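This briefing is intended for reading alongside the sequence and the coordinates. Its topics are taken in turn, from single elements to the contacts between parts.

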Amino acid sequence: MREGPLTAGQPPTLRVRLSVAVALGKATAMLSRALRRGGGTTMPGRVARAVEPAVVGLLSARLPLGSVVIAGTNGKTTTAHLLAHIMRSLGHRPVHNRAGANLAAGIASALVENADLLGRLRGDLGIFEVDEATVPRVVPALGPRVAVFLNLFRDQLDRYGEIDYIAGLWRSAGAALSPDLAAVANADDPLVFEAVRELPGTLVTFGIEDDRYARPALEHTAEARYCYRCGTAYAYEVTYFGHMGRWRCVTCGVARPSPDLAARDLVLSGPDGSEFTIDAGAAGTARVRTVLPGLYNVYNVLAAVAAAGRLGASLGAAASAVGSVAPAFGRAERVSVDGREVRLLLVKNPAGFNEVLRVVLAAGPPAVLLIAINDRTADGRDVSWLWDVDVEMLAGRVGHVVVTGIRAEDMALRLQYAGIPPEAIEVEHAYDRALRRALDRAAPGGLFVLPTYTAMLALRGVLQQWGAVRGFWET
Amino acid sequence: MGRGEGVLGDVTPTLRICHLYPDLLNLYGDRGNVIVLVNRARWRGIEVAVTEATLGTPITANDADLYFIGGGEDRQQRVAVADLLQRKRGPLADAAAAGAVVLAVCGGYQLVGRFYRPAEGEDLPGIGLLDLWTEHAGPGTPRLIGNLVIQPEGGEPPMVGFENHGGRTYLGPGAKPLGRVVSGFGNNGRDGWEGAVAGHVYGTYLHGPLLPKNPVFADRLLREALGRRYPGLELAPLPDALEARAREAVLARAGRSVPA
């Protein structure tokens, strides 16, 4: 029923119920905004689903180009943002959920807000970032055309449980997928590859092919050290970060496939972005330039370009659109405060934090950093993960660190044991004062701010009061 | 960073730490404990040597003054336990009998017990360093997750941290609890006890980086680990200012519900 009228074959009571669900969802969104309750990114969906539990399936079936889901520990928001930008540049009108609103209610909210009371949608394509544990719940309802699997790292273990559990959820989600599906998967991550390689449909892989950016050994944050099938230690010919690399199991012979889309000839310019060639084999090559920094964003660009290709975009058009994309909300976002540049680099887990530290240090030793650690549900209530971050790489290279957030003291301790002198560590719980203190010490080049998710929202709130950024429901 | 002086005149003491399965049992920042022990020893002019013993690495009872074992995912833990039983059980038991310190955290705590009783099937043996066993609480039973505060026996300051475990642990007569639960769940969420001690073997559900915020306990482990080869060694006091602030922050939150 993808292209058919929504109401065909449905009893009138169901039609009415969907209209009521959409109407109440929209009213909730308006009310939420009027009350300034954070933009209403999930409540409209919750209300609509309470009225019509099948609202996601009913509305998404009306998208002529179908839907794309994007899953993975790190890079969901950025990849969705990239893909939406590429598709918009080709004249499409994607419907997508707001940054981080990636549970079922967030997806329902996005659909409801973009639907009229007859269930007709304003867009032609759905692009939804999906929380890794929510994949089996929303994928059957959405019936996506393309599913993107970015990476799997430990993240919020208090909420999700173990990585193997998530990989198992992805494997089992396969049963609900259509054989028309294209799974776009990171070849460099053995956990991802093992989780999706037997899903129905076409498998499109992406990876990095540039040994100059290889690390000498697997990092502490590597999750996949032993073969999922037989328990033998993976042999890595090359590792990029975490457990990303050119891996192989010498016992059962499973190995990283030669990627369908490979990034070659990388030039990383620290926090200012990167440039590389996407080699798509028979489909040709294209040079890409992006302001998104770090190796991790090379993967995000590859994933978005691969997904766009499955939706009909040419490699050249997709690559050229990537050049004009601005960072997503809080992800290497730049704002100006009193003539100084502030860059927000979200940190959520050890692997991502390490990559952000590398990006920051690539710009030279920073005079000051602001690190903001919260332990609310959206951040993960357990801050033990700070000890898995290689904070030691800051020792002797950072002049001063201001720490803020609910768990500021935990971060301060981590810094001290990483070799930062105690006198260079400043705990300031008030977000506005912490920002001010860090800005006072920042070099003219600017200030790097490394917050967890809810700390990022809080710091953005301060920046908004200062007139430096727009509200997040306006972005 | 030289925050203290050498303490035994001409002799520079050396602390030997053996980190067991750092590539497998490392789920919740477990290595933070080793980072803390290394730094707190070095700040006092004590040299430190850390060896890592993983699958297939043989160890002996004289390798180290302190053995540390963390927790892992189920799959990693199954891989580790086979090697632990086969290659490391004997040397570890000998080391513990000779007075070496063993610190076992979270999943490692379960592994040093006598056995683990799954929801179905036969008991899985542990290495029996501590007289305790762990039971699966049954399918659908919630994991015990949250900030944890315990009051050690013997008047030491409260210990703070985070716990996240599905198994419920019960002590036999040969082990004493590490402390009484002030806030959180502890060993099994029922009897009010947390952790286990026998001699210098310690086990606890205060997982991951337990030592950063519990410097008194960290120094107790250092003193016991070094005391065997360097009797009379005293540890110079450290400022522990950030440690104190981090402890206060957790204690102030203890008992309060975590905002959503």
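Which residue takes a positive phi just after helix 2 of chain B? That residue is Gly99(B), with a phi of about 100°. The model is a predicted one, and the points below cover helix 2 of chain B, selected strands and loops of that chain, the domains of chain A and the contact between the chains.

**Helix 2 of chain B**

- Helix 2 of chain B comprises residues 74-97, and its end C-alpha atoms are only 29 Å apart, whereas a straight helix of 24 residues would span 34 Å at 1.5 Å a residue.
- A bend of about 65° occurs in this helix at Lys88(B), and within four residues a proline follows, Pro91(B).
- Both Lys88(B) and Pro91(B) are buried.
- Other buried positions of helix 2 of chain B include Gln76(B), Gln77(B), Val79(B), Ala80(B), Val81(B) and Leu84(B), and, further along, Leu92(B), Ala95(B) and Ala96(B).
- An α-helix has 3.6 residues a turn, so residues three or four places apart point the same way.
- The partners against which the buried residues of helix 2 pack are strand 1 (14-20), strand 3 (66-69), strand 4 (101-105), helix 3 (107-111) and strand 14 (201-204), in chain B as well.

**Strands 5, 7 and 10 of chain B**

- Strand 5 (residues 115-117) and strand 7 (residues 132-135) of chain B run parallel and are joined by 3 bridges.
- Within this pairing, Trp133(B) of strand 7 has Phe115(B) standing opposite.
- Strand 7 of chain B also pairs with strand 10 (residues 168-171) of chain B, in the antiparallel sense and over 4 bridges.
- In that second pairing, Tyr170(B) of strand 10 stands opposite Trp133(B).

**The open sheet 9-8-11-12 of chain B**

- An open sheet of 4 strands in chain B follows the order 9-8-11-12, with antiparallel pairing.
- Its edge strands, each of which pairs on one side only, are strand 9 (159-165) and strand 12 (193-194).
- Strand 12 is joined to strand 11 (residues 179-183) of chain B by 2 bridges in the antiparallel sense, and Arg180(B) has Trp193(B) in strand 12 as its bridge partner.
- Ile150(B) lies in strand 8 (residues 144-152) of chain B.
- Ile150(B) counts as buried because 27 C-beta neighbours lie inside 10 Å, where 20 or more are required.
- Beyond its neighbours within four places in sequence, Ile150(B) is in contact with Pro158(B), Met159(B), Leu178(B), Gly179(B), Arg180(B), Val181(B), Val182(B), Gly186(B) and Glu194(B).
- Gly195(B) is 45 residues from Ile150(B) in sequence, yet the two C-alpha atoms are 9.3 Å apart in space.

**Positive phi in residues other than glycine**

- Cys106(B), in the loop between strand 4 and helix 3 of chain B, has a positive phi near 55°.
- Cys106(B) counts as buried because it has 29 C-beta neighbours inside 10 Å.
- Asp240(B) has a positive phi near 50° and belongs to the loop between helix 4 (215-227) and helix 5 (241-253) of chain B.
- Asp240(B) counts as partly exposed because it has 15 C-beta neighbours inside 10 Å.

**Domains of chain A**

- Chain A is divided into domain 1 (65-95 + 121-322) and domain 2 (331-464).
- The centres of these domains, taken over C-alpha atoms, are 27 Å apart.
- Domain 1 contributes 24 residues to their contact and domain 2 contributes 21 residues.
- On the domain 1 side, the elements giving two or more residues are helix 4 (76-89), helix 7 (157-160) and helix 10 (294-310) of chain A.
- The residues on the domain 1 side comprise 9 nonpolar, 10 polar and 5 charged.

**Contact between chains A and B**

- The contact between the chains involves 28 residues of chain A and 31 residues of chain B.
- On the chain A side, helix 7, helix 8 (163-173) and helix 13 (408-417) each supply at least two residues.
- Helix 13 of chain A gives the most to this side, with 6 residues.
- The chain A side has 12 nonpolar, 6 polar and 10 charged residues.

Notes:
Residues are numbered from 1 along each chain as its sequence is written. Chains are lettered from A and ligands numbered from 1 in the order in which they are written. This is a predicted model: local features need pLDDT of at least 70, side-chain atom pairs count only at pLDDT 80 or more; totals for chains, interfaces and linings use all residues. The expected span of a helix is 1.5 Å times one less than its number of residues. The bend at a residue is the angle between axes fitted to the seven residues ending there and the seven starting there. A residue is buried if 20 or more other C-beta atoms lie within 10 Å of its own, exposed if 12 or fewer, and partly exposed in between; C-beta atoms are placed from the backbone. Two residues are in contact if their C-beta atoms, placed from the backbone, lie within 7 Å. Two strands pair if DSSP finds at least two bridges between them. Domain bounds come from an automatic or database domain assignment. Ala, Val, Leu, Ile, Met, Phe, Trp, Tyr, Cys and Pro count as nonpolar, Asp, Glu, Lys and Arg as charged, and the others, Gly among them, as polar.
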